[in-house]
Amino acid sequence: MKIAISGKGGVGKTTLAGVLARILAGEGKKVLAIDADPDSNLASAIGLPKESLDKLAPIASMASLIEERTGAKKGSYGSMFKLNPKVDDLPDDLGVTYQGVKLLLLGCIPQGGGGCFCPENVLLKNLVRHVLVLRDEALIIDMEAGLEHLGRGSTGYVDGLIIVVEPGQRAIQTARQIKKLGEDLKIKNMMIVGNKINSEQDRRVIEENLVDFPVLGHMSFNPKILEADREGKSPYDIDDKIREEVKGILKELEKRI
């Protein structure tokens with residue numbers, strides 16, 4: 001199972017990614033989680049303790065690694081560099097494992113090179129392509145809304161793109177924009193998970209505005225998720241309700257893919 005998760009900032013996609021990764025690991029699966037969102041919080045959603053977090057660094061900021069693998073210095077736009085750098089060792093060498101989940105932090109491309117054809121972007125896209133195509137494990141990628149790190153050559157190996165939506169028009173519009181990006185990348189299975197649901201009306205707002213998406217399920221508005229964030233813990237570790245809701249989402253996901 002290889003799943004990308006996206007959505008507007010703040011809708012809860014990282015919560016879903018972290019809890020989903022922990023559930024899969026708890027079922028005995030080998031799990032790789034990749035934080036590809038510049039606002040990187042997946043470590044916290046997985047529950048990574050501070051001492052482990054201190055060992056984790058964003059790959060996009062590793063100037064010496066980028067130069068070693070591509071032959072060009074980080075940020076050296078316009079220079080010659082390798083288009084197929086070696087990346088197969090990076091998940092095991094740079095990942096940090098907690099509760100059966102191996103976590104990699106990609107980091108972001110500087111704004112001046114956003115979407116650029118630059119050494120760090122080439123390295124990150126080759127790494128994502130490698131884990132999608134060649135590694136045999138459950139893969140959860142916490143994306144930004146722009147799907148920046150997914151390339152056309154690898155998206156055929158994505159089993160599904162989950163878009164997390166809260167009951168509001170900005171999140172719904174972002175979901176439509178992500179769907180267009182996903183269609184451009186030829187992603188076949190794009191599905192919705194609702195979050196911050198307080199009522200049946202909240203469910204209807206999402207489902208009636210996004211009728212062309214399959215809905216995997218919903219997560220309730222849950223103060224314990226805020227509590228987990230304050231304490232630097234995974235919601236998986238402090239709340240039965242979120243675990244059961246995400247297990248239901250996973251069950252529906254497995255049916256569809």
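Which buried residue has no salt bridge, and how far away is the nearest side chain of opposite charge? I should like to open with that question, and to state at once that the model under discussion is a predicted one.

The residue is D202. The nearest side chain of opposite charge belongs to R203, at 8.3 Å, whereas a salt bridge requires a nitrogen-to-oxygen approach within 4 Å. D202 is located in helix α8, which covers residues 200-209. What, then, surrounds this acidic side chain? Leaving aside residues up to four places away in sequence, D202 is in contact with P167, K196 and I197. In addition, a polar atom of the D202 side chain lies 2.8 Å from the backbone nitrogen of N198.

Let me now set D202 against the charged pairs that do meet. The model contains 23 salt bridges. I shall present three of them.

The first on my list joins D37 to K13, with a nitrogen-to-oxygen distance of 2.5 Å. D37 sits in the loop between β2 (31-36) and α2 (42-46), while K13 belongs to helix α1 (residues 13-26), so this pair ties together parts that are 24 residues apart in sequence. Both partners are buried: D37 has a relative accessible area of 12%, and K13 has one of 5%. D202, then, is buried without a salt bridge, while D37 is buried and takes part in one.

The next pair lies within a single helix. K179 and E183 form a salt bridge in which the closest N and O atoms are 2.6 Å apart. The two residues are four positions apart in helix α7 (residues 169-184), which means that about one helical turn separates them. Their surroundings can be described by accessibility: K179 counts as buried at 17%, and E183 is partly exposed at 37%.

The last pair is also contained in one helix. The side chains of E252 and K255 meet in a salt bridge at 3.8 Å, N to O. Both residues are in helix α11 (residues 240-256), with a spacing of three residues, or about one turn of the helix. K255 is exposed, its relative accessible area being 61%.

Beyond these pairs, salt bridges with shared partners join D92, K102, R135 and E137 into one network.

To return to the opening question: D202 is buried and has no salt bridge, but its side chain does have a polar atom 2.8 Å from the backbone nitrogen of N198. Thank you for your attention.

Conventions: Residues are numbered from 1 along each chain as its sequence is written. This is a predicted model: local features need pLDDT of at least 70, side-chain atom pairs count only at pLDDT 80 or more; totals for chains, interfaces and linings use all residues. Side-chain values use heavy atoms; hydrogens and water are left out. Buried means under 20% relative accessible area, exposed over 50%, partly exposed in between (1.4 Å probe, protein chains only). Lys and Arg count as positive and Asp and Glu as negative; His and the chain ends are not counted. A polar contact is a pair of N or O atoms within 3.5 Å; within protein, one must be able to donate a hydrogen and the other to accept it, and residues adjacent in sequence count only if both atoms are side-chain atoms. Contact means heavy atoms within 4.5 Å.
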